[in-house]
Amino acid sequence: MVQLSVEVPEDLAQRIRPLTSWLPTVLELSLVGFHTQASGTATELVQFLSTEPSPEKVLEYHASEQTQARLRRLLALNEAGLLNQLEQRELDELQGVEHSVIMLKAQAASRMSGKP
């Protein structure tokens, strides 16, 4: 892993501090370049992380019911071969967010077990 140092204005530093342990995930989500409604799902996740959740809370985290319903719909359309290009992009982006959540939960579980 690479360690980076960066200078930021004090007001931004105050906003970043609560995200310190989750910053790699937040940065990864920021770099995805969302072009669909999935950006709202990423925003939900970042807002959750800004509350400085305990590892237990991270393991309990689920996307909003609205997001889950949208994902179920997209998966059903995909299975039926009926996704248009924009819906395919949205599904791909939601799966990227889901991957980030899985990685966060694995990190939280590792912290709880005392393993690095």
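In which helix does Leu-71 lie? Leu-71 is found in helix α5, and this briefing, which describes a predicted model, starts from that residue before turning to helix packing and to the spaces inside and on the protein. Two helix pairs are described, α3 with α6 and α2 with α6, and they are followed by two pockets and a cavity.

**Leu-71 and its partners**

- When its neighbours within four places in sequence are left aside, Leu-71 of helix α5 is in contact with Leu-91 and Leu-94.
- Leu-71 and Leu-94 are 23 residues apart along the chain, and their C-alpha atoms are separated by 7.4 Å.
- Leu-71 also belongs to the residues that lie nearest the centre of the second largest pocket, together with His-62, Ala-63, Glu-98 and Val-101.

**Helix α3 against helix α6**

- Helix α3, which covers residues 38–49, and helix α6, which covers residues 85–113, have axes that come within 8 Å and cross at roughly 20°.
- Because angles under 35 degrees count as roughly parallel, this crossing makes α3 roughly parallel to α6.
- The crossing in which α3 passes α6 is left-handed.
- On the α3 side the contact is made by Ala-38, Thr-41, Ala-42, Leu-45 and Leu-49, which meet Glu-90, Glu-93, Leu-94, Val-97, Ser-100, Val-101 and Leu-104 on the α6 side.
- Sorted by class, the residues in this contact of α3 with α6 are 8 nonpolar, 2 polar and 2 charged.

**Helix α2 against helix α6**

- The axes of α2 and α6 come within 11 Å of each other, and they cross at roughly 175°.
- Since angles over 145 degrees count as roughly antiparallel, α2 and α6 are therefore roughly antiparallel to each other.
- Thr-25, Glu-28 and Leu-29 of α2 make this contact with Val-97, Ser-100 and Leu-104 of α6.
- The contact of α2 with α6 consists, by class, of 3 nonpolar, 2 polar and 1 charged residues.

**The largest pocket**

- The largest pocket holds about 680 Å³ of space, and of the 19 residues that line this pocket, Leu-4, Val-6, Leu-23, Pro-24 and Leu-27 are the closest to its centre.
- Two or more residues of this lining come from each of α1 (10–16) and α2 (23–31), and α2 provides the largest share, with 5 residues.
- The lining of the largest pocket divides by class into 13 nonpolar, 4 polar and 2 charged residues.

**The second largest pocket**

- The second largest pocket has a volume of about 310 Å³, and 14 residues line this pocket.
- The elements that give two or more residues to its lining are α3, α5 (65–79) and α6, with α6 giving the most, 6 residues.
- By class, the lining of the second largest pocket is made up of 8 nonpolar, 4 polar and 2 charged residues.

**The cavity**

- The structure holds 1 cavity of 30 Å³ or more, and the largest cavity contains about 30 Å³ of space.
- The residues that line the largest cavity are Leu-45, Phe-48, Leu-49, Val-58, Tyr-61, Val-101, Leu-104 and Lys-105, and the elements that give two or more residues to this lining are α3 and α6.
- Leu-45, Leu-49, Val-101 and Leu-104, which are among the lining residues of the cavity, are also among the residues through which α3 and α6 meet.
- In the lining of the largest cavity, 7 residues are nonpolar, none is polar and 1 is charged.

Terms used. Residues numbered from 1 in each chain as written. Predicted model: local features only at pLDDT ≥ 70, side-chain atom pairs only at ≥ 80, totals over all residues. Heavy atoms only, no water. Axes fitted to C-alpha atoms, helices over the stretch in contact; angles between N-to-C directions. Parallel < 35°, antiparallel > 145°, perpendicular 65-115°, else oblique. Left-handed = near helix turned anticlockwise from the far one by under 90°. Contact = heavy atoms within 4.5 Å. Nonpolar A, V, L, I, M, F, W, Y, C, P; charged D, E, K, R; others polar. 1 Å grid on protein atoms, 1.4 Å probe; cavity = no way out; pocket = protein on both sides within 12 Å on 5 of 7 lines; lining within 4 Å. Points joined across faces, edges and corners; volume = space filled by probe spheres on them.
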